[in-house]
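Colleague: I am new to this structure and would like to learn how to read it feature by feature. Could we begin with the charged side chains and then move inward?

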Amino acid sequence: MIAIVQPLVPHYREHFFNRLREQAPFELYCYNGAEAMQKQNLSAGRTPAKPLPALSIGPFVLYNPLRLFKSDYKVLVLMLNFAHISTWIILLLKPFLKQKVILWGHGISVKRYIREEQQPSRLLKWMMQLADATWFYTSREMELWQQVIPALNAVSLNNTISEVEQILQQPVPDKMLLRKKYGIRAKRVLIYCARFNEPGRRIDLLLQVIAATDPTEYGFIIIGAGKYKPDFSAYPHVSDFGAVYDPAVKQELFGLADLYFQPGWVGLSAVEAMAYGKPVCTFKRSEAVLQCVEYSYIKDGHNGLIFENMEQCLHALDTISDDAISDMGQQARRFVKENLTMTNMVGNASHSLHTMIR
């Protein structure tokens, strides 16, 4: 039997756990409740989980490790987080336990990424050296750590979204027909689809691009809601659809667009956009423009565009050809098919677990 510890199970992760359970049966423990879910503006998944008593003080978490010392738990999947005191206890006791430990890294912190890319955390390094294996969200993270620990037993899950296979199965829509349906006449249409819940998304840069573009040439589709959402009503070339939960409507809105544009904090939204065949446009990761780990999926000029500054951004949008956009869109969709399906993510985790059990 396997035990997995998580803070909570949001809706976008339930598909992964449900499918993984079919291949490698496990018991799931969560140490956070509904209040933490609401605080992060997340919807709860329907994956069965057992409550795990825990005490949280700032970033530090002390959960009850005794629940995990059952003799039939052969593998423990814990979080790669140096603030989890109980995980340290389990790792230090591991020589006396007949259990394998896998540490699951949920991505290098967005705010620490620049620093850790140059100088990885010594505490995380120690944790990984005490464990039997490590799961990373992306290949780029795994490569960074294998430079530090060459003998590291690691797996890249290739983090993705639950509905990615359904998106890939959809036929290519008639772009002109959809633009007529929604009354969008612009020659080039950019779409943004993410929650406005994080200042790091750099909505100020989005507004700059909107203000600097010709309303007769450009159109912008906005999908999303949140406390940081600005008022787009002053811009005639912006069509604001708010939060969209109907997959058929979302498919049409992505279908009529040419490019996906999100200035910062690009995460799983990049996977969704590429699955729809849209090149992902964003700004280069820096101290001023924070990006999530999925940013590494974007290859400049191949399946998206990464801008150094606003001048380069506006120039690229004005000069890139329709053929180049189409080629990048095809490459984006191909990258998702080959690397970012849920079947692939579940398979990577399942293979690692069965290797530990054997």
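Modeller: Please keep in mind throughout that this is a predicted model. As a general idea, side chains of opposite charge can pair when their charged atoms come close. Here the side chains of arginine 112 and glutamate 116 meet in a salt bridge, with a distance of 2.7 Å from N to O.

Colleague: Are arginine 112 and glutamate 116 buried or exposed, and what are their relative accessible areas?

Modeller: Arginine 112 is partly exposed, with a relative accessible area of 26%, whereas glutamate 116 is buried, with a relative accessible area of 6%. Aspartate 204 and arginine 202 also meet in a salt bridge, at 2.7 Å from N to O; aspartate 204 counts as partly exposed at 36% relative accessibility, and arginine 202 counts as buried at 18%.

Colleague: Which parts does the salt bridge between lysine 250 and glutamate 272 tie together?

Modeller: The closest N and O atoms of lysine 250 and glutamate 272 are 3.1 Å apart. Because lysine 250 lies in helix α10 and glutamate 272 in helix α11 (residues 268–275), the pair ties together parts that are 22 residues apart in sequence. Lysine 250 is buried, at 16% relative accessible area, and glutamate 272 is buried too, at 8%. A search of the whole structure finds 15 salt bridges, and Glu27, Lys50 and Lys70 are linked in a network of them.

Colleague: Which side chain of opposite charge is nearest to arginine 333?

Modeller: That side chain is glutamate 272, which is 12 Å away, and arginine 333 is buried yet has no salt bridge. Arginine 333 is found in helix α13 (residues 322–339), and among the residues that it touches are Ile167, Gln169, Met274 and Tyr276.

Colleague: How should I read the pockets?

Modeller: Rolling a probe the size of a water molecule over the atoms shows where empty space is left. In this structure about 410 Å³ of space lies in the second largest pocket. Of the 22 residues that line this pocket, the closest to its centre are Val172, Pro173, Tyr276, Gly277 and Lys278. The largest share of the lining, six residues, comes from α13.

Colleague: And what should I look for in the interior?

Modeller: In soluble globular proteins, nonpolar side chains tend to be buried together. The largest nonpolar core here has 120 residues, and those with the most contacts inside it include Phe16, Trp135 and Phe261. Phenylalanine 261 touches, among others, Leu190, Tyr192, Phe283 and Cys313.

Technical notes
Residues are numbered from 1 along each chain as its sequence is written. This is a predicted model: local features need pLDDT of at least 70, side-chain atom pairs count only at pLDDT 80 or more; totals for chains, interfaces and linings use all residues. Side-chain values use heavy atoms; hydrogens and water are left out. A nonpolar core is a set of buried Ala, Val, Leu, Ile, Met, Phe, Trp, Tyr and Cys residues joined through side-chain atoms within 4.5 Å. Buried means under 20% relative accessible area, exposed over 50%, partly exposed in between (1.4 Å probe, protein chains only). Contact means heavy atoms within 4.5 Å. Helices (H or I, at least four residues) and strands (E, at least two) are DSSP runs, numbered from the N terminus. Lys and Arg count as positive and Asp and Glu as negative; His and the chain ends are not counted. A salt bridge is a side-chain nitrogen of Lys or Arg within 4 Å of a carboxyl oxygen of Asp or Glu. On a 1 Å grid over the protein atoms alone, a cavity is a set of points where a 1.4 Å probe fits but cannot get out, and a pocket is an open set with protein on both sides within 12 Å along at least five of seven lines; lining residues have an atom within 4 Å of a point. Grid points are joined across faces, edges and corners, and a volume is the space filled by probe spheres set on the points. Lists of a residue's contacts leave out its neighbours within four places in sequence.
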